[in-house]
Structure formats: structure tokens, C-alpha cells
Amino acid sequence: MSDGFDLDVVWGKSDPQVCPTHWLPLYQHLADAEAVAGALVDRWVSPQVSARIARDLPHGLDGVRALVCWLAAVHDVGKVSPAFAVQVRRLADRMLDHGLGASPQLQFDQNRSKVRHELVGHLAVRRYLVDHHRFDRVAAEQLACVVGSHHGVPPEHRQLKLVREEHALRGQGVWEQARTEFLRRATAGVDLGRYRSVRLSKPSQVLLTAIVIMADWIASSAELFPLLELHEERGGFDTSARVERAWRKLALPERWRAGPVGTVSSDVDAAFRARFGIEGACARPVQVAAVEVAAGQGCPGLMIVEAPMGVGKTEAALLAVEELAARSGADGCFVALPTQATTDAMFDRVRRWVEALPGRDGAVSVTLAHGKASLNDEFAGLVREGWFRSIGEGSKEEQDAAAAVAHHWLSGRKKGALAAFVVGTIDQVLFAGLKSRHLMLRHLALAGKVVVIDEVHAYDVYMSQYLHRVLHWLGAYKVPVVLLSATLPADRRAELLAAYEGGQPSVSRDLGYPVVVASGGVDPRPVPAPDGVGPVVLDRLPDDLDSLVGYLRKHLVEGGCAVVVRNTVTRVQEAAQRLEQEFGAEGVTVTHARFLACDRARKDLELLRRFGRAKGHRPELHIVVASQVVEQSLDVDFDVMVTDLAPTDLVLQRLGRLHRHERGRPGPLAVPRCALVGVDDWAAHPVRAVEKSRRIYGDHLLLRSAALLFEAESVHLPSDIAPLVQRAYGDEPLGPTSWQPAMREAEQDARTRATRRMEEARTFLLGEVGTDTDSLTAWVRAGVGDVGDTEDRHTGAAQVRDGEESLEVLVVQRDAHGGLLTPPWIERGGGEQIPLDMSVDSRQAKVIAACALRLPVAMSQPWVIDDVIAALERNVFTSFSLAPLLKGQLVLVLDENREAVVEHGVTCFRLRYDEHKGLTHERG
């Protein structure tokens, strides 16, 4: 009892809908959160994160723990307010009986929801620090803002002004005294004076807030921290035992500790064999160079590995991760890739590497971070293992047997990336540059890791704005970053280094190739070029199907495996239809992005089986017709290629799929050969790509590519890669004089478009780090709100990706009686009856979710998309709305002929799905 009021009756937690008779006193929730915060710092938070915060504090790491615990102990002090208390009448009446009265009518005040407890807490903490501990206003505001931000969105000045003015809702007099008393109790034994004039950088404020959010979430779990029945005696909590029980039940995997500094760099060959299980193998030069550059960086920095396709850049990055983590204190890594398909392919490789890592005490947490992760069988298996171990099943030996688990608490769109080892789409990294709710958790997830970004050349001007801003923040956090690319234009490389270091780009063009480049003044490390495939002979064909057929017949006369790469799905399907007529359907495989997700996954596996490194399943004669999906992260190998003209770096990526592995080849194909197509007229001035390609890539890059390749007899891989890319993206005029007017016009148009896209990207782009006098107030003002974990145009992915994101639908088929079936042709779960009025079970929901399909971009144009959505929304099924995995998804219903009409208003599309050709469409 204090001055006529009793703090023990102030309520902090309740669940009036589920358990209306249960509650938790605020003092106990704060004690729980404080103890959890201490456990997180001691047992879970990355040493790299703690070290970053410690840089801003006068007592180093000891100061980190003390400050985190104090912030957690006061984070909910704003619940001592009428606006909060009146939400549960029974608990508010008990507070009234003990001296803290609030009018029941306040529950209906129109501003009650705006006087949120985190804002009240912000004002209370700031005032307490200034009045009672003589803090200067900057230091007080920075710590208060951590409290004000613990629900995921930092306060804005106008919100705080409103709370100050709402005296009745905030609570004056006895309410202010009660808040002060809670703060005084939390401060007992804490030397706040040492923080009196501290200046916290924004990175430290973000990390402190994220840890407090985690502590609050864990302490708010009624499963871990049970509520109290109202009639039970108050007091008597043993907080230490309560938290220890909860921590054991939560069972967060232990931190991974990298080996001692130099463990990898002292014997790279031995580490390579141990991690990747290749007996007798030696690390390649690029892998040795990456490790040695990592070992030579004096402090955490950025490393860029530029090397040809197929030389082991991924393994180079993973070996470097160990060296970098040993030096920085990172306790995990995040591997980011361009697409879900490339991410799925990488997950198994990273998991096997994790299982071979030293430094584990039991299992470590692994997450697959993208919207379709639950459909990945391997990841789902880890989820089951992690769940069973987290609830204590099996012996300790059994629980420690596997190296990696997907922990149940470290899952979902807000917490998944907090796992130690994460493989995800680039979106999940770029979201750290997007102003959104709970952005602090995304920063905490990256700040404790080594970040690896693959295929960094694949990100356009729009996405690069987010990538640059994320690199800027990672540099401020002192996070080691490894970027991988076949090669980068010199300007692009300089921009990436400057973004991380916070300076201006300094362009160095001739660094050698392959090369490992690093920040921090480290000299570029050229690497001996690997043996290439020799010169790739270049041919040029008219853009007609007769010429394509004649070329393939000539060069496949003794058999062989060919790939035809088109820039659009429509061109893929047109070519495939003609080639099937000429070579037979069994001799042609079609792959592109317009297949069901499960069909696409099956096709990728089949491509790897038949055209990958293994030699036993290769057909004698076969043609693969593909879109750009073969450019990235598929280790496939062909004897001859035909490709649409594309930007130079992408053409080179495609050529990297020629003669990739050592094997015997038919005589006419002993030398790698590629025909360039997709041009209106090779004799024109200038040579122009077909209109569909120009719509995707723009005239500027295609003209420069044509200027480099239209008369070239061959390309030498890998020696020509860097020179060609530097020239393609450089400033020197290319091509004949007669081309120059068109090329200048295309260049100016490209610059105008790039400027516009950069401006569009800035709409929700996070600001820079700023000065050490800034607080988090208004940090994400005018943001996008919550960001989902799916690459969907209606979520944050639409904000970090440019271009025309097409709609995604789930595909089912109508049966003869009007019911619904899973698509009959799919391998697992096909042709099953789907209930209409009762919930779909979890197994079948997973099957249906795997039947996701991207609609053609033509159906997502601004002038038709509303009609398309309206038409699809007529397909409403109670069973889908009852299944969490399917709820809210658009559904496309095919008839018995696998056809559908999507029609609304004046918009009409006729669709047909073929398991071999994918989705085709035409306007009605």
C-alpha cells in the first residue's frame, strides 16, 4: 500500500474471452519480463549484438545486461492508467476499491484507444528519468522511446501530444504517483546514473527495443507464465523458479559458437572436406581466397566474391562465414537468394553444412524464410523435430542427435528470421529497409548473423534502393556481409561498398577476374581463373520457328541435349509447341514460372536429375525450352543453346549452362555453341530485340548487348565475362556510328526510368542511421504497417520488388457433380475430393497450397486487375476459410477440361492449364 493505493491490484495481463476468471498483477508481469530479458542476454542474444550495444555504454557488456533488464522491468508501466484499466470491468473495480479509480464511462471515450499504454509509458519514463535521476533530455528521450516502441511501432510526436492532453485517460494525481512508484521499485539496486548522459545510436536503440519486445512476448505467454485465478492469494511468486521453468519449456536452441579465430583459414582444405563431405578434395582458389580475405579484415565488413558460374561460390561464402563469425561474435548466418525456387534448392545444402559445423552444444535453430516454407518437406520435418524436442519428448541423447531443428517459437513472419541459420528470399532481407511494424525484430535477426546474399547482380534499380539501405544499416551494426555474383559492373560494385561503408562510391574498374573485394581498405584479391569451357561459338538466327527447328536438327544430328531460353512465357510456349511437333512431345521439356508450384518443383528436380552433374540419367536427345528460370542456381548442363538476346550479364549467365561438367558429348557438339535469337533483323541499324524482350529489359541494355555480340564469333568463358560486363554497363559508346542516335535516346530513357523508379522506392524506404542525438520517435512514420512473409503483391513484397507482380491463385478442379477436386495430375494428393462446408484437414490443405499458380502479368495490369479479382472472389468456399493455410487466398476453379473463364464487367480471360506446357491464356 502506498499513499492510499495498492500497487498489487494493478492488473497487467488478462484473457477475458478465454479465461475471464484469470489475471496477472502488473508487478509480476514486469518481474517476469525483466528476468526473461536477463536470460535472453545471457543465453540467447548474439555476442555480436551485445558488443554493438556495448559500444555506446560506459560499462560495456555489463551495462548492456543491466539496461536491458531495467527497460524490460518498466516497459508496461503505462498500464497504470485509466485508459488501460477500464478495459476489464471486474479488474478495474478491484483497482477502484484499492485507491486507483477510473470512471467506467472512459471505456467509451473516442480517444481511449489512442491513449495506448506504451505511449503513456513513454511519457512516464521520460519524466521520471529527468525529474528523479537528472537525465538530460536526449538520453531520457532515447530510453523512453524504447518503452514507447515495444509494440513494434515507435511513437510519433502528434501521438505523444494527444496523450499529454488527455488527462483523464492518462491519469493524473494518484495515477502519476503509482507510475512513479512502479518505476522507483524497478530502479532499486540499478545505477541509472551511469546512463545519465549516454548517447545511444539508433542501431543500439533498435536492438534494445527488439530484445525488450522478445522478453515481453515470452513473458506474455500464458502457457509459459500461467495467469492467476482471481480468488487466489496475491503474492508468493517465486520469480526465479517461475522463469527457469518457463525457459526450460520454451527450450530455445543454444547459441552456435564459431571455432577459434583461424580454425578455417589455417587449413582451408581440411575445413572444406569436413564441411562438405568430399573425401580427398581440395578447396578451389576462389574458396581459399574468400577465407583468406575474411581472415585479413581487421573488423567486420563487406566482402564481394565475383567468380564464374559453377566454381563453388556458395561453399566459399559458407567457409568465410565461419571465419567472419569467429572474429565478430556472430552466432548464425542468413543466406538470401532471388526466388523461392532457388531458396528451396539452397536449403538442403545449408542444412548439411550446419550439421557438419563445430561449436554446437545440442541442436541449433534453422528456418526456411519465405511464404511457401511450410510446403517444403525437408523443412516441415525439421519443424516436427523441433516441436517434439521443445516439449521434452525423448532422451537428451535423442534430442541432441540432430544438428538442426526448426524451433516452434522461432517461426512465422515476425520471428522466423530470429533463428540462428536462415535460408530465405532476398525479400526477407530487403524488408529490413522497409518502414513497417516490428521492424526492430527484423534488424535484430540480421544484426547477430553473417549475411550472405547470392546472385546480387539480379536485383534491379528499385530493389537496389532497399538493398543499399539495408547494407547501410548492416554496416552500422558491424555485421559481416558476403555478396556473391558471377560478375558486377564496376559502378555497381562501388555502390555496394559505399552503401555499407557510408561513403561515396569510388570506382575501380580493372580489379582482375575472378576477384574477392572487401571493405575496410583491404586490397582486392584476384584469383587464378578456373579452366573454362573454351570458346563458345556464337551463331545468329532469324527470329522464326523454322530457323530454330533447322538449327537444332543440324546440331542434334548425332543426339545431344539442347536448351532454348526465351524471355517470356508466351515465347516459351510457342517454341515448345512447334518443337514438340518436330521432335515429339517425349523429347521436349517445358519449364517456366507459370506452372503450379508443385509442378514447378517436380520439373526442377527432374531437370537436375537428367541434366545435372550425375551422368546416369542423361537422355540421348532432348530439348528443354525454358524461361529465365534456368539462369539462376540450377546446376544443369547442356550441349548446345539457343537464347533470346538479353542484357549481356544475363546472356553470360545462360552460357554458363553450356558444357558445365566434364562428360562425353556427341561429335558435332564437342565445342560449346550458342545461337542468339529474339532480334527483329540482325542486319538492321541498330539491331533491336523483339518487342516483348524490350518491354522486360528496356532498349538501353539490350542495344548495348547487341552491340557487343552482333558480330562476335565466340565468347571465351570465363576470361571474357568481366570485360564484357564492364563494357556493357560502362560509358563508352558501343556499336556502329549509325546506331548512336538510337542508343543515346535509349540511354536517356533508361536514366529517366531509373530516376522514377528510385523515387518510387523511397516512398516506404527506411531513413539512414542519423546522429547519436536522434531517438526512434517517428522512425517508421508513414510506413506500410504489417509486412507478410509471402511474395504477394498485396503485402510488403510489392514494396521491395518493382515491376508487375502478378496475382497468385490456388488451383482446384470441378468434378462432374459440381464438387471440387485437387488437380488430378499432381503426384501427391491428386484427384482427392475437397470438402465444401467443413474444414479442409491440414494434410489436404498443404496439397492445395502447393497448387499455387502465378497468373499472367496481363491479368494484373491496373486496368483489369480489379475485375480479375472480383471474378475470382466469386469462388468462395467455407472449407477454405476454415483452414489457416488457405484462408483469404484467391481460387481458380478449372473445369473437367482444365479450362476456366475469368470474367467480370468488360474483362474476360480464357485460361487453360496443361501439366506439360503450363498455363496459357487469351483475351475473351
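This dialogue examines burial, contacts, cavities and backbone geometry in a predicted model.

Student: Why is serine 201 called buried?

Tutor: The relative accessibility of serine 201 is 11%. Buried means under 20% relative accessible area, so at 11% serine 201 counts as buried. Serine 201 is found in the loop between α10 (174–187) and α11 (202–219).

Student: What makes the pairing of the side chains of serine 201 and aspartate 56 a polar contact?

Tutor: The two side chains approach to 2.7 Å. A polar contact requires N or O atoms within 3.5 Å, one able to donate a hydrogen and the other to accept it, and the pair at 2.7 Å is therefore counted as one. With neighbours within four places in sequence left aside, serine 201 is in contact with Arg52 and Asp56.

Student: Why is serine 775 called buried?

Tutor: Serine 775 has a relative accessible area of 14%. The limit for buried is under 20%, and serine 775 is therefore buried. Its place is the loop between α31 (740–761) and α32 (797–800).

Student: Which residues does serine 775 touch, not counting residues up to four places away in sequence?

Tutor: Serine 775 touches Glu141, Gln142, Cys145, Lys202 and Gln205. In addition, the side chain of serine 775 makes a polar contact of 3.0 Å with the side chain of threonine 777.

Student: Cys145 appears among those residues. Why is cysteine 145 called buried?

Tutor: Its relative accessible area is 0%. Buried means under 20%, so cysteine 145 is buried. Cysteine 69, with a relative accessible area of 8%, is also buried by that limit.

Student: How many disulfides does the structure hold?

Tutor: The structure holds zero disulfides. The criterion is a pair of cysteine sulfur atoms within 2.5 Å.

Student: Why is histidine 133 called buried?

Tutor: Histidine 133 has a relative accessible area of 18%. Because buried means under 20%, histidine 133 is placed in that class. The residue lies in helix α6 (residues 117–133).

Student: What lies around histidine 133?

Tutor: Not counting residues up to four places away in sequence, histidine 133 touches Tyr128, Thr187, Leu192 and Arg196. A polar contact of 3.1 Å joins the side chains of histidine 133 and tyrosine 128. Histidine 133 and leucine 192 are 59 residues apart in sequence, and their C-alpha atoms are 7.3 Å apart in space.

Student: Why is lysine 114 called partly exposed?

Tutor: Lysine 114 has a relative accessible area of 45%. Buried means under 20% and exposed over 50%, with partly exposed in between; lysine 114 is therefore partly exposed. It is placed in the loop between α5 (89–97) and α6. Leaving aside neighbours within four places in sequence, lysine 114 is in contact with Leu119, Leu162 and Val163.

Student: How far apart in space are lysine 114 and leucine 57?

Tutor: Lysine 114 and leucine 57 are 34 Å apart, C-alpha to C-alpha, and 57 residues apart in sequence.

Student: How many cavities of 30 Å³ or more are counted?

Tutor: The count comes to eight. About 160 Å³ of space lies in the largest cavity. It is lined by 17 residues, and the closest to its centre are Trp44, Asp331, Leu418, Ala419 and Ala420. By class, the lining has 10 nonpolar, three polar and four charged residues.

Student: What is noted about phi in glutamate 455?

Tutor: Glutamate 455 has a positive phi of about 50 degrees although it is not a glycine. The residue is found in the loop between β9 (450–453) and α22 (461–477). At 8% relative accessibility, glutamate 455 counts as buried because the limit is under 20%.

Student: Where is histidine 659 placed?

Tutor: Histidine 659 is in the loop between α27 (648–655) and β18. Its phi is near 50 degrees, a positive value in a residue other than glycine. Histidine 659 has a relative accessible area of 10%, and it is therefore buried.

Student: Which omega value belongs to the cis peptide bond from histidine 685 to proline 686?

Tutor: Omega is near 0 degrees for that bond. Proline 686 lies in the loop between β18 (673–677) and α28 (691–697). The peptide bond from leucine 717 to proline 718 is cis, with omega near 5 degrees, and proline 718 lies in the loop between β19 (714–717) and α30 (721–728).

Methods
Residues are numbered from 1 along each chain as its sequence is written. This is a predicted model: local features need pLDDT of at least 70, side-chain atom pairs count only at pLDDT 80 or more; totals for chains, interfaces and linings use all residues. Side-chain values use heavy atoms; hydrogens and water are left out. Buried means under 20% relative accessible area, exposed over 50%, partly exposed in between (1.4 Å probe, protein chains only). Helices (H or I, at least four residues) and strands (E, at least two) are DSSP runs, numbered from the N terminus. Contact means heavy atoms within 4.5 Å. On a 1 Å grid over the protein atoms alone, a cavity is a set of points where a 1.4 Å probe fits but cannot get out, and a pocket is an open set with protein on both sides within 12 Å along at least five of seven lines; lining residues have an atom within 4 Å of a point. Grid points are joined across faces, edges and corners, and a volume is the space filled by probe spheres set on the points. Ala, Val, Leu, Ile, Met, Phe, Trp, Tyr, Cys and Pro count as nonpolar, Asp, Glu, Lys and Arg as charged, and the others, Gly among them, as polar.
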